[in-house]
Amino acid sequence: MSLLARMLPIVSPWLQTDPVTNEFIQQKILTDERNMVMFGGQKTGKTSLLFQTALSFAGEELTVMFISPQPLAKLPLTVHGLLDPNAAILKSVKFVYHSTVKELIDYCASVHMKQYYPDVIILDDLEHYISQLKSEGVDHGMAKICALLIDAASFIKQHSESGKCRMLLCLSDKYKSLPSICKQFDFNTLYIQGADTNQFDLIYKTQDNKELTSSYILTDTDIRLNHIVLKSTT
């Protein structure tokens, strides 16, 4: 099942969608097991969506490594209709804080020496690390980090019991050249666009010129999926 389906309840029975959209979700979304990069602006709920994805994987008894530059000040919002955090589920989520790009690079380079092989790697605030590689250029820095993460995930797949290592990365949308770099490493891309101060669209694009837009609302207590729209971009 895809990362998107673990992030938002797009297959929930209470979500009313037309037959064409349902077929698209079943044939295109749920079968898409590629790694993903999510682009979005500030205060769009990116960290909360990452956190919910971690909870969904943990609920499947998979181990998750959640990497961020600094400790979370509080638990992020969860998504209505998906798993809530509890002690049992959170045991499967390992929060790791790398404040510098060197620490992130060192982790990737030394993964073969680790005793913990996650089934899923989720990395928040990727631009924090890219910004520390300015001397190499933003594009080159992104390519370098993607390559290191891909190599680390490949090693984990070969040596872990599950034989899996999915990845979900997140960064701001201010770097317009980075989506094309992500695609070179076979990352699928998600885009968050703002409709107003608390309603946003998460856009999933396919290679056959279709877009699945999942509109969600940020409330004080959770994130709620509002509706899904499928359209052709041709």
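**Helix α2 and the largest pocket**

Let's start at the N-terminal end of α2. Asp18 caps that end. One of its side-chain oxygens sits 3.0 Å from the backbone nitrogen of Val20. Keep in mind that this is a predicted model.

Now the helix itself. α2 covers residues 19-29. Which of its residues are buried? Thr21, Phe24, Ile25 and Ile29. They sit on the same side of α2, because they span an arc of only 100 degrees around the axis.

What do those buried residues pack against? One helix and three strands: α1 (3-7), then β8 (199-205), β9 (210-218) and β10 (222-232).

Turn the helix over. The face pointing away from the buried side carries exposed residues: Pro19, Val20 and Gln27. So Val20 comes up twice. Its backbone nitrogen is the one facing the Asp18 cap, and Val20 is exposed.

Next, the largest pocket. How much space lies in it? About 840 Å³. Its lining is made of 29 residues. Nearest the centre are Lys43, Lys46, Thr47, Ser48 and Asp124.

Which elements give two or more residues to that lining? They are α3 (46-59), α6 (126-130) and β6 (166-171). α3 gives the most, with three residues.

Last, the chemistry of the lining. By class, eleven residues are polar, ten are nonpolar and eight are charged.

To recap. α2 has its buried residues on the same side, with Asp18 capping the N-terminal end. The largest pocket has α3 as the element that gives the most to its lining.

Conventions:
Residues numbered from 1 in each chain as written. Predicted model: local features only at pLDDT ≥ 70, side-chain atom pairs only at ≥ 80, totals over all residues. Heavy atoms only, no water. Buried < 20%, exposed > 50% of the residue type's maximum accessible area, 1.4 Å probe, protein only. Helix = DSSP H or I, 4+ residues; strand = E, 2+ residues; numbered from the N terminus. Arc of directions from axis to C-beta. Contact = heavy atoms within 4.5 Å. Polar contact = N/O pair within 3.5 Å; in protein donor to acceptor, adjacent residues only side chain to side chain. 1 Å grid on protein atoms, 1.4 Å probe; cavity = no way out; pocket = protein on both sides within 12 Å on 5 of 7 lines; lining within 4 Å. Points joined across faces, edges and corners; volume = space filled by probe spheres on them. Nonpolar A, V, L, I, M, F, W, Y, C, P; charged D, E, K, R; others polar.
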